[in-house]
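Student: I would like to learn how to read a structural model feature by feature, beginning with a single residue and ending with the whole chain. Could you take me through one?

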Amino acid sequence: MEVSVVSVRIKGLFNILKNGILARGHMPGWPLVTGSFSKLVRFKDKDYREIAGIIEKAVRYL
């Protein structure tokens, strides 16, 4: 099995809708939302535990 993975971290989405509900007719302001991407990681002939560990390290680094 050959798999390619790019980890993504998105910050600031929670601040857009605060609890997921908007009052009627109220539009949210322009919040700051940022996205971070890791480098492409390719896996071939690895155990799923090894893959999970590598992906976890990539996400923690973001």
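Student: Where is the place of serine 38 in the chain?

Tutor: Please keep in mind that this is a predicted model. Serine 38 sits in the loop that runs between strand S3 (34-37) and strand S4.

Student: Does serine 38 count as buried or exposed?

Tutor: The reading depends on a cut-off, since buried means under 20% relative accessible area. Serine 38 has 16% relative accessibility and therefore counts as buried.

Student: Which residues does serine 38 touch, not counting those up to four places away in sequence?

Tutor: Setting aside those sequence neighbours, serine 38 touches Val6, Ser7, Ala58 and Leu62. With Ser7 there is also a polar contact, in which the side chain of serine 38 reaches the backbone nitrogen of serine 7 at 2.9 Å.

Student: What is the phi of aspartate 45, and what should one expect in general?

Tutor: Most residues other than glycine have a negative phi. Aspartate 45 is not a glycine, yet its phi is positive, at about 60°. This residue lies in the loop between strand S4 (41-44) and H2, and because its relative accessibility is 66%, it counts as exposed.

Student: How far apart are the end C-alpha atoms of helix H2, and what span should its residues give?

Tutor: The idea is to allow 1.5 Å a residue, so the 14 residues of helix H2 (residues 48-61) should span 20 Å, and the end C-alpha atoms are indeed 20 Å apart, which agrees. At the start of H2, moreover, a side-chain oxygen of aspartate 47 comes to within 2.7 Å of the backbone nitrogen of arginine 49.

Student: Which residues form a nonpolar patch on the surface?

Tutor: The patch is formed by Val6, Val8, Ile10, Leu13, Val33, Phe37 and Leu40, which together have about 640 Å² of accessible area. One of these, valine 8, is found in strand S2 (residues 8-11), and with a relative accessible area of 43% it is partly exposed.

Student: In what order do the elements of the chain run from the N terminus on?

Tutor: The chain has two helices and four strands, and from the N terminus they follow the order β-β-α-β-β-α. Among contacts between residues at least 6 apart in sequence, 70% join residues at least 24 apart.

Student: What share of the residues in the chain is buried, and how much area does the chain expose?

Tutor: Buried residues make up 8% of the 62 residues, while the chain exposes about 5700 Å², of which carbon and sulfur atoms supply 58%.

Conventions. Residues numbered from 1 in each chain as written. Predicted model: local features only at pLDDT ≥ 70, side-chain atom pairs only at ≥ 80, totals over all residues. Heavy atoms only, no water. Expected span 1.5 Å × (residues − 1). Polar contact = N/O pair within 3.5 Å; in protein donor to acceptor, adjacent residues only side chain to side chain. Patch = residues over 30% accessible without salt bridge, like charges linked within 9 Å, V, L, I, M, F, W, Y side chains within 5 Å. Areas by Shrake-Rupley, 256 points an atom, 1.4 Å probe, with all protein chains shown as cover. Salt bridge = Lys/Arg side-chain N within 4 Å of Asp/Glu carboxyl O. Buried < 20%, exposed > 50% of the residue type's maximum accessible area, 1.4 Å probe, protein only. Contact = heavy atoms within 4.5 Å.
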